[in-house]
Amino acid sequence: METVLVVDDEQGILEALADLLREEGYRVLTASHGREALARMSELRPDLVLTDWMMPVMDGPALINHIRTEPEWKGVSLLGMSAVDVGALRVEYPGIPFLQKPFDIPALMKQVRKALDGKRAL
């Protein structure tokens with residue numbers, strides 16, 4: 001069973017995404033900010049981290065940078081989501097797909113499957 005870590009400071013979004021991913025058959029971990037996400041990652045290594053960009057304590061960019069620099073998390077797929085224009089984020093963080101909030105569920109699930117399919121291909 002593939003594991004997805006969902007990171008978002010908006011509790012309603014966090015719970016909705018977690019429920020949706022569980023219904024699709026994924027094991028789901030949740031965190032409300034980047035620092036909590038890193039703690040969860042040390043408990044159970046996720047296959048995919050789906051993270052919001054603007055959060056308190058530790059934001060999405062800091063979380064992504066930390067994951068990218070830790071050898072133990074090499075190969076963890078990353079997927080960002082933000083309410084701000086994601087065009088600039090795609091330029092600043094090449095190789096990370098971004099979803100523009102609000103997004104539709106089929107688009108989200110397509111990106112999750114694509115990220116996990118790419119991981120399996122490695």
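In which sense do strand 1 and strand 2 pair, and over how many bridges? To find out, open the predicted model and follow the stops below.

**Stop 1: strand 1 and its neighbours**

Select residues 3-7, which form strand 1, together with residues 27-31, which form strand 2. The two strands pair in the parallel sense, and five bridges hold the pairing. One place to look is leucine 5, whose bridge partner in strand 2 is leucine 29. Between the two strands the chain passes through helix 1, and this β-α-β crossover is right-handed.

Next, add strand 3, residues 48-52. Strand 3 also runs parallel to strand 1, and four bridges join the two. Here valine 6 may be selected, since its bridge partner in strand 3 is leucine 50.

Now display the side chains of strand 1. Which residues point one way from the strand, and which point the other way? Thr3, Leu5 and Val7 point one way, whereas Val4 and Val6 point the other way. Residues on both sides are buried, and strand 1 is accordingly described as mostly covered, with five of its five residues buried.

**Stop 2: helix 1**

Select residues 11-23, which make up helix 1. Within this helix, show the side chains of aspartate 19 and arginine 22, which form a salt bridge. The closest N and O atoms of the pair are 3.8 Å apart. The two residues are three places apart in the sequence, about one turn of the helix. An α-helix has 3.6 residues a turn, so residues three or four places apart point the same way. Both partners are partly exposed: aspartate 19 has a relative accessible area of 43%, and arginine 22 has a relative accessibility of 42%.

**Stop 3: helix 2**

Move to residues 34-43, which form helix 2. First select Gly34, Ala37, Leu38 and Met41, which are buried. These residues cover an arc of only 100° around the axis, which puts them on the same side of helix 2. What do the buried residues of helix 2 pack against? They pack against strand 1, strand 2, strand 3 and helix 3, the last of these being residues 60-69.

Then turn to the other side of helix 2, where Arg35, Ser42 and Glu43 are exposed. Glutamate 43 forms a salt bridge with arginine 40, and their closest N and O atoms are 3.1 Å apart. Both residues belong to helix 2 and stand three residues apart, about one turn of the helix. Glutamate 43 has a relative accessibility of 58% and counts as exposed, while arginine 40, at 22%, counts as partly exposed.

**Stop 4: lysine 101 and aspartate 52**

Finally, select lysine 101 and aspartate 52, whose side chains meet in a salt bridge with an N to O distance of 3.2 Å. Lysine 101 lies in the loop between strand 5 (98-100) and helix 5 (105-121), and aspartate 52 lies in strand 3, so the pair ties together parts that are 49 residues apart in sequence. Are these two residues buried or exposed? Both lysine 101 and aspartate 52 are buried.

Add Asp8 to the selection: Asp8, Asp52 and Lys101 are linked in a network of salt bridges. In total, the structure holds four salt bridges.

Note on methods:
Residues numbered from 1 in each chain as written. Predicted model: local features only at pLDDT ≥ 70, side-chain atom pairs only at ≥ 80, totals over all residues. Heavy atoms only, no water. Buried < 20%, exposed > 50% of the residue type's maximum accessible area, 1.4 Å probe, protein only. Pairing = 2+ DSSP bridges. Right-handed = clockwise from strand over helix to strand, strands pointing away. Arc of directions from axis to C-beta. Contact = heavy atoms within 4.5 Å.
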